[in-house]
2 protein chains.
Amino acid sequence: MHSRVILKVFGLLLMVYSISLLPPIMVGLYYQDGGLNSFTSVMIGVLLTGLFIWYPVRNHSRDLKIRDGFIIVVMFWVVLGLAGAIPFFLDEDVPLSLTDSIFESFSGLTTTGATVITGLDNLPHAFLWYRQQLQWLGGMGIIVLAVAILPMLGIGGMQLYRAETPGPIKDSKIAPRISETAKALWYIYLGLTLACAIGYWLAGMNWFDAFSHSFSTVAIGGFSTHDASIAYFDSIEVEIVAIVFMLLSGINFALHFTAFRSLSGYAYFRDPEFKAYAALLFGASLVAVAYLYFQEVYDSWYDAVRYGLFQTVSLATTTGFANADFSIWPGFLPIMLIFMSFIGGSAGSTAGGMKVIRFVLLFKQGMREVNGLLHPNAIMPVKLSGKTIPEKVMMAVWGFLAVYVFTFALLMLVIMALGVDQVTAFSAMAATMNNLGPGLGEVAANYQALSDPVKWVLTFAMLLGRLEIFTLLVLFTAAFWRK
Amino acid sequence: MHSRVILKVFGLLLMVYSISLLPPIMVGLYYQDGGLNSFTSVMIGVLLTGLFIWYPVRNHSRDLKIRDGFIIVVMFWVVLGLAGAIPFFLDEDVPLSLTDSIFESFSGLTTTGATVITGLDNLPHAFLWYRQQLQWLGGMGIIVLAVAILPMLGIGGMQLYRAETPGPIKDSKIAPRISETAKALWYIYLGLTLACAIGYWLAGMNWFDAFSHSFSTVAIGGFSTHDASIAYFDSIEVEIVAIVFMLLSGINFALHFTAFRSLSGYAYFRDPEFKAYAALLFGASLVAVAYLYFQEVYDSWYDAVRYGLFQTVSLATTTGFANADFSIWPGFLPIMLIFMSFIGGSAGSTAGGMKVIRFVLLFKQGMREVNGLLHPNAIMPVKLSGKTIPEKVMMAVWGFLAVYVFTFALLMLVIMALGVDQVTAFSAMAATMNNLGPGLGEVAANYQALSDPVKWVLTFAMLLGRLEIFTLLVLFTAAFWRK
Ligand SMILES: [K+]
Ligand SMILES: [K+]
């Protein structure tokens, strides 16, 4: 890839970002409670920078190849993550250091939702809107990444979701099909966001909160405009709307598209990943609710269901909203919910984690291995909906799992070496790498207390998780940069 | 498998076990400090029981098939583990409950080395000898299991070590080859044990301690005749002998055999697993020693090397001896050493953990996956010493890793639900499933404080780890019991 094309993409990304500052500015104009200056100056500054970079190379173009796909995907998150940090750093309403600004920005854009800010309730509306919108834009990026790009690049077995029939992949011209797919999915994303905002409004939120929270719900982000998160509203209606849209956003968007086109819910119930997703959430909720009731954390079934169900859905889909402080729940429950975030939502959704489909394949393969011990000569490929999964895909899924576990362990050791205790280190790694948000121990609600080096490692972990590790890792191989 | 053959094996195992009580009785006769009564009565009781069970079915015989292999292997550990608990339960010198007796017996036999006994230093010699000998017998079982049986059964990719050239496995008559292999390896095991005992004696131990500790060193067991473990001797010479024989016992015994037969160390340096084993231990020791020195845990390089090297080798080989309390070392070091026990020693050794060879394959596959992203159509099989690893083997290794991680997480949640805190739960699970022994938190030195249900789960975990999970899991499948 020519450096000129990189420059062009870089300039374009900056310009797109600067335009994304218009809505916060409009919000600021409406509420007149601050933040206008910084957003306006950042918008103009970044727009001009982008223009200067883009203009000289604007006519340069080239067919995109697989290799370029990796660079653009990584650039998308890194450039927007860094540019997104500027308002956090410059704004006078929150005293964020450079490290904190970058942490908060990446946490927003990767839809992780871990925050270093306290006192959200008193911040200017423009600022809060910007923060929520970062998650929403990140969600748009993820949809395209997950449904169109990762399958194309074959990350961690995701070639499974390639649209075309099996066969050699054409190593060129990937751009047109991506933009087609993207358009269709963004309509669904937009539709879900609108429906969710209306739902929140009907449940009693004002329009500002309704839209703000719909952004972070549909993006499975988890940012809120209140320190207390969803618990601020103390409304069962709001919580029901949140549960419904968290669940919907954790489903493969390509599946939503199929269902929408055929105007039938049949597609869902034929999909093995959806069935596993539903079963896992149902099972985990059941365990959580029963445990909360019988351990007498809540003295009515109503409360046990209300808090147990919400938190299970919030953590298992990797959203990270809170209507209760799950980190102080007794026994194994907090860890079980953190474990659920490793599985995460469906592939092709805005959720984080390793994705349900990979665990379905893993489970099937595990069963085959056990049965295969008795019939060592039999060939028993893994099947999904009657179709045989190629060994190549299975290998990629295993490779993904192994690299995920290994990276997790390594980074956990690193932050422990930087002084974090074991409980906090484990949950902070899970919360960032699975793009979940809240953790346990010191990071149950807020990441402010951690040291700068730890925040950098966690920021890196968010990016690793979001890019499904391999997309980022491949840039560090010698082969990648060989001509 | 006919129930009569099961009975015959059952009776034989009991008789073999009862004969194994002769040495402790002889030790008791020599020292005259107690334990004689209980051992003698257990010996006679178990011998007669075994005889009564075995006699009526003694002439029954049948060719062993793969299915029978699983039953016999599981019976070996379960029957000996339960019988081995009897002296702990009956002896009056230690007040062990039934649960504790079974925990201690399985911990010995699986060479885990976790203990519920305190006040070892004051126990009768017969009793101490018995405990050490349990580990040594367990080690003999593991050698055969790991070198001959797991490869035959194809557990977790271990068909890699099958002696014959690739091709269909004959589903019959596995017994003769096993007994041949076993004999050769037991000579090596015996030789190592003798050499280790002499080493300890030369280093200053008395003969009793020298043999006792050589048993638990070569078996990678970690039991000691003193509460303070190896630290009791406070002798650099003893520690050096321990390090050398822990290292030797963590190497594939088939490799020792090859080297012995060819009278050359060349075989080691050609073996990819040995090279990785050496590199991992070297790397981890380096990190530990440097961290201990620069964190000023020890104020001389001499002490940092002495304690850092010993504990790294002890934990990474899953032995579990202690010359220092590593659980109170600062930062990430305790967790890093616990993590090392997941890798464990080499396949075909007495060590626990997932085995180095599986991590070598995993790492190679991970690298291939990353490089394969750039060349999605290239076929790049994993090679080891120039030989292609069949996909079937790779699948089995991945399946093993996944089931290991999943079982670990599940059992950890179970013991947390039973009231164990997170740090203790994680390390206790690692210490038992990896057949390591010591953990962190409440189980840094002793498992006495845990509740009975937790001890049962941990006992099960020891067995799961020792039998490489699948061997036990397969018995729970419907297909196994189908005619
Ligand atoms: K999130
Ligand atoms: K051990």
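A:A231 touches A:A322 and A:N323, leaving out residues up to four places away in sequence; contact here means heavy atoms within 4.5 Å. The model is predicted, so local features need pLDDT of at least 70 and side-chain atom pairs count only at pLDDT 80 or more, whereas totals for chains, interfaces and linings use all residues. Residues are numbered from 1 along each chain as its sequence is written, chains are lettered from A and ligands numbered from 1 in the order in which they are written, and side-chain values use heavy atoms, with hydrogens and water left out.

A:A231 is located in the loop between helix 8 (207–218) and helix 9 (236–249) of chain A. Helices are DSSP runs of H or I with at least four residues, numbered from the N terminus. With a relative accessibility of 32%, A:A231 is partly exposed; buried means under 20% relative accessible area, exposed over 50%, and partly exposed in between, using a 1.4 Å probe and protein chains only. A:A231 and A:L281 are separated by 50 residues in sequence and by 21 Å in space, C-alpha to C-alpha.

A second alanine of chain A, A:A146, belongs to helix 6 (residues 125–153). A:A146 is buried, its relative accessible area being 13%. Apart from neighbours within four places in sequence, A:A146 is in contact with A:P151, A:G348 and A:S349. Between the C-alpha atoms of A:A146 and A:M395 there are 19 Å, and the two residues are 249 residues apart along the chain.

In chain B, B:S349 sits in the loop between helix 14 and helix 15. B:S349 is buried, at a relative accessible area of 0%. Beyond residues up to four places away in sequence, the residues that B:S349 touches include B:I142, B:I143, B:A146 and B:F253. A polar atom of the B:S349 side chain lies 3.0 Å from the backbone nitrogen of B:A351. Also in chain B, B:T193 is part of helix 7 (residues 175–202) and is buried, with 3% relative accessible area. Residues up to four places away in sequence aside, B:T193 touches B:W136, B:S214, B:F215 and B:V218.

Each of two potassium ions was examined for its protein donors. Donors are N, O and S atoms within 2.8 Å of the metal, or 3.2 Å for Na, K and Ca; water is not among the atoms, so sites may look incomplete. For the potassium ion (ligand 1), the protein donors are the O atoms of A:T111, A:T112, A:I220, A:G221, A:T318, A:T319, A:N435 and A:L436, at 2.5 to 2.9 Å. The donor residues of ligand 1 are spaced T-T-x107-I-G-x96-T-T-x115-N-L in sequence. Of these residues, A:N435 is buried at 1% relative accessibility, and A:L436 is buried at 0%.

For the potassium ion (ligand 2), the protein donors are the O atoms of B:T111, B:T112, B:I220, B:G221, B:T318, B:T319, B:N435 and B:L436, at 2.5 to 3.0 Å. Along the chain, the donors of ligand 2 follow the spacing T-T-x107-I-G-x96-T-T-x115-N-L. B:T319 lies in the loop between helix 13 (301–316) and helix 14 (333–343) of chain B, and B:N435 lies in the loop between helix 17 (422–433) and helix 18 (452–466) of chain B, so the pair ties together parts that are 116 residues apart in sequence. B:T319 is buried, with a relative accessible area of 0%, and B:N435 is buried as well, with 1%.

The two chains also meet each other: 51 residues of chain B are in contact with 51 residues of chain A. Together they bury about 4500 Å², 75% of it on carbon and sulfur atoms; buried area is the accessible area (1.4 Å probe) that two parts lose on being put together, summed over both. B:L373, B:L374 and B:M395 supply 16% of the area that chain B buries against chain A, more than any other three residues. Between chain B and chain A there are 0 salt bridges, a salt bridge being a side-chain nitrogen of Lys or Arg within 4 Å of a carboxyl oxygen of Asp or Glu. On the side of chain B that touches chain A, the elements giving two or more residues include helix 4 (66–90), helix 15 (356–372) and helix 16 (391–417) of chain B. Helix 16 of chain B gives the largest share of that side, 15 residues.

Definitions and conventions:
A polar contact is a pair of N or O atoms within 3.5 Å; within protein, one must be able to donate a hydrogen and the other to accept it, and residues adjacent in sequence count only if both atoms are side-chain atoms.
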